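Hi,

Here is the structure I promised to pass on. Have a look at it first, and then read my notes below.

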Amino acid sequence: MKKTTAICATLLAGLMSTAALAETIKPAVVYDFGGRNDRSFNEAAFNGAQEFKERTGINYRDFEIQNPSQREQALRNFARRGMDPIITIGFAQAAALEKVAKEFPDTRFAIVDSVVDLPNVRSIVFREEQGSYLVGMLAAMASETDTISFVGGMDIPLIRKFSCGYKQGAKAVNPDIEIIENMTGTTGAAWTDPVKGGELARSQFARDSDVVFHAAGATGMGVLQAAADEGKLGIGVDSNQNHLHPGQILTSMVKAVDVAVDATLTDAQEGNWSTGVQVMGLAENGVSWALDDNNADLINDEMKAAVEAAKQDIVSGKVEVHDFMVDNTCPF
Amino acid sequence: MSKGQLPRWVDFGLLPAINLIAAFLVSGLVVILIGENPLEAVKWLVWGALGYGEGVGFTLFYATNFIFTGLAVAVAFHAGLFNIGGEGQAYVGGLGVALACLAMDQFVPWYVTLPMAIIGGAAFGAGWAFIPAYLQAKRGSHIVITTIMFNFIASSLMVYLLANVLRPTGSMQPSTRGFEEGGQLPLLRHLFPAFDLGQSPVNLALFVALIACVLVWVLIWRTKLGYEIRTFGANPNAAVYAGISPVRITVVTMLISGALAGLMGINEVMGAQARLLLDFTAGYGFVGIAVALMGRGHPIGIILASILFGMLYQGGAELAFEIPTITRDMIVVIQALVILFAGALEHMFRPAVVAFFDRFAGAKAVA
């Protein structure tokens, strides 16, 4: 009896201490144009915050911006209300964050996908080209026609970063491989147009491609659907999309935005907050290729060994994956 | 006042008010449907737009955009031309503004840059409207179709320029570099510290917009060209018999319309962002159509409609901020309902109101 009481007391104390900690932070998340349900980048951030909430019971507030002027406004609104830490999602928020973070030097901020060099900002950037390199290798190994393809959302630097790594990886396996590349559009709608994504993929299949990688947000749903319909292989992006069409998605280039958001919130809550730049590459498990039950049959041992070896080489620096952002060119 | 006509105050005041109330009632139903209190929603919307200095500032800032695009649509409308291309013209106009700022900001103060930026924005916006205008005037290609298509060409052009040409190396953001002091319009909160405008981006472009309103009024109702524009809009055949060249009127009107849309860049690019951003137009060009319809093509009406839409934008953001279940998509629904009732269903209540006033007038005549 005494023992039970003791256990109960310990449990209670434990609960109370979490409750006490739980009151210490009031996090907020600001999404960019895509919004929290974009099935891609912003949604990954939402999932990370959601995971943190479920684990700790700490609620957070969020906001989806609608026009460029709201970026600063939303950050300031949250900061004024004492929200802390405030996480901004997307490179487009950098200019707004730089301004607002200076106005609120005691508030902790974080930004995903860009670098803001201020003492109260944590910047999280991903090495998308490294993960894309690995899925490019897999695509080249899986292709029987020696032709693979890429569907991007909009022709912006971030998407070139994906495509350049993909090309380099594919060419590392097969220097003569043909790579077809298409962008969906030039307006914000390019990220939310699955019909057009499907059309682009089908036209690429008509030109002999049999593996297609998308970096196009919700547009990619159409790309993956078209690949599944035509018996070709798709490659998912940002989150693990293998389950969408089991057996017909070769792999996914996972960009762990959810993990990064969750970790940032956890660090703030547990007092491990740090600022500066966090680079999330293969070495940090920030990007990776997805292998699970859904695609196990598509990846043979030889492919797996080759990719894992390449991963080691990239981590050790033996293989240098070209970053489009360094010189704005892609030599592949 | 003849039968079937309405007094001006009814046409310009009462009818829009009835439309607006209907829109808000339906919006209220939608809010109830998602399980929120509509009165609470209205409270946040109005408070967010007008309740505090920063909110007022943001409302006026958005209104400035809408005045420019609303005037652009209205001018074309007076000539019977439906310019749907305000979005693209504003986008390319922003490029003109940005180029002027990029070229001059390091060397001269803002008041030297401003005239050049105005010329740049107007010229680029007008230039973007010229080809659809020419095709309409000379080839009969319908201006609705061509201006819509030019919106897409504009965004393609801008993505290309921002991602490849104007972007500083190493920056992920498809935008130009930020302008120095000489390329930034002073914010009203710095010019008039007595008014509490918070951190809002409302800037000197508001006055540029108001001047544009006066000039448009003078143009349409006090000049020969304006008379020709209105004649051509009322009856193109009669205008031709009166010796008005349809080609000239179409092209000139569209150039003026495009120039006005292009000036929106003064507010957004030179005023608020101090850089040229991807998608900075954010749909303001399309809202301009609703603003022009609601404002009955008259500058005063456009100013009022712009303030209303400014309130919807700013109050809507505040509403989405305060009540998380009302997402920004809900705000778009509410805005769409206002546009639907004020623009598309403009004639829904009119017959009833006309009948009411006819009876009223009839009774007075008998008495």
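Which residue of strand 3 of chain A does A:A28 stand opposite? A:A28 stands opposite A:I86. Before the rest, some housekeeping: this is a predicted model, in which local features need pLDDT of at least 70 and side-chain atom pairs count only at pLDDT 80 or more, while totals for chains, interfaces and linings use all residues. Residues are numbered from 1 along each chain as its sequence is written, chains are lettered from A and ligands numbered from 1 in the order in which they are written, and side-chain values use heavy atoms, with hydrogens and water left out.

A few terms next. Helices (H or I, at least four residues) and strands (E, at least two) are DSSP runs, numbered from the N terminus. Two strands pair if DSSP finds at least two bridges between them. Buried means under 20% relative accessible area, exposed over 50% and partly exposed in between, with a 1.4 Å probe and protein chains only. Contact means heavy atoms within 4.5 Å.

The open sheet in chain A

Chain A has an open sheet of 6 strands in the order 2-1-3-4-5-11, with parallel pairing. Strand 2 and strand 11 (276-280) stand at the edges with a single partner strand each, so one side of each has no neighbour in the sheet. From one strand to the next, the twist averages 15 degrees (axes are lines fitted to C-alpha atoms, for helices over the stretch in contact, and angles run from 0 to 180 degrees between N-to-C directions).

Strand 1 (residues 28-31) of chain A is a good place to begin. In a regular strand the side chains alternate between the two faces of the sheet. Here A:A28 and A:V30 point one way, A:V29 and A:Y31 point the other way, and all are buried. Strand 1 of chain A pairs with strand 2 (residues 61-64) of chain A in the parallel sense over 4 bridges, and A:V29 has A:D62 as its bridge partner there. To get from strand 1 to strand 2, the chain crosses through helix 2 (residues 41-56) of chain A in a right-handed β-α-β crossover. Right-handed here means that, with the strands pointing away from the viewer, the path from the first strand over the helix to the second runs clockwise. Strand 1 of chain A also runs parallel to strand 3 (residues 86-89) of chain A, joined by 3 bridges.

Further along, strand 4 (residues 109-112) and strand 5 (residues 121-126) of chain A pair in the parallel sense over 4 bridges, with A:V112 opposite A:I124. Helix 4 (residues 94-103) of chain A lies across strand 3, strand 4 and strand 5, and runs at about 170 degrees to strand 4.

Strands 9, 10 and 12 of chain A

All of this centres on strand 10 (residues 249-255) of chain A, where 7 of 7 residues are buried. Strand 9 and strand 10 of chain A run parallel, joined by 5 bridges, whereas strand 10 and strand 12 (residues 287-289) of chain A run antiparallel over 3 bridges. A:M253 stands opposite A:W289 in strand 12.

A:D238 lies in strand 9 (residues 233-238) of chain A and stands opposite A:V254 in strand 10. The C-alpha atoms of A:D238 and A:V254 are separated by 4.6 Å, although the residues are 16 apart along the chain. A:D238 is buried, at a relative accessible area of 7%.

Two loop residues in chain A

A:D84 sits in the loop between helix 3 (69-80) and strand 3 of chain A and counts as buried at 16% relative accessibility. A polar atom of the A:D84 side chain lies 2.6 Å from the backbone nitrogen of A:R108. By contrast, A:N37, in the loop between strand 1 and helix 2 of chain A, is exposed, with a relative accessible area of 55%.

Chain B

Helix 15 (residues 328-344) of chain B has 17 residues, and its end C-alpha atoms are 23 Å apart, which agrees with the 24 Å expected at 1.5 Å a residue (the expected span is 1.5 Å times one less than the number of residues). Its buried residues include B:M330, B:I334 and B:F341. The buried residues of this helix pack against strand 2 of chain A, along with helix 1 (8-33), helix 13 (284-294) and helix 14 (299-322) of chain B.

Cheers

Notes. Polar contact = N/O pair within 3.5 Å; in protein donor to acceptor, adjacent residues only side chain to side chain.
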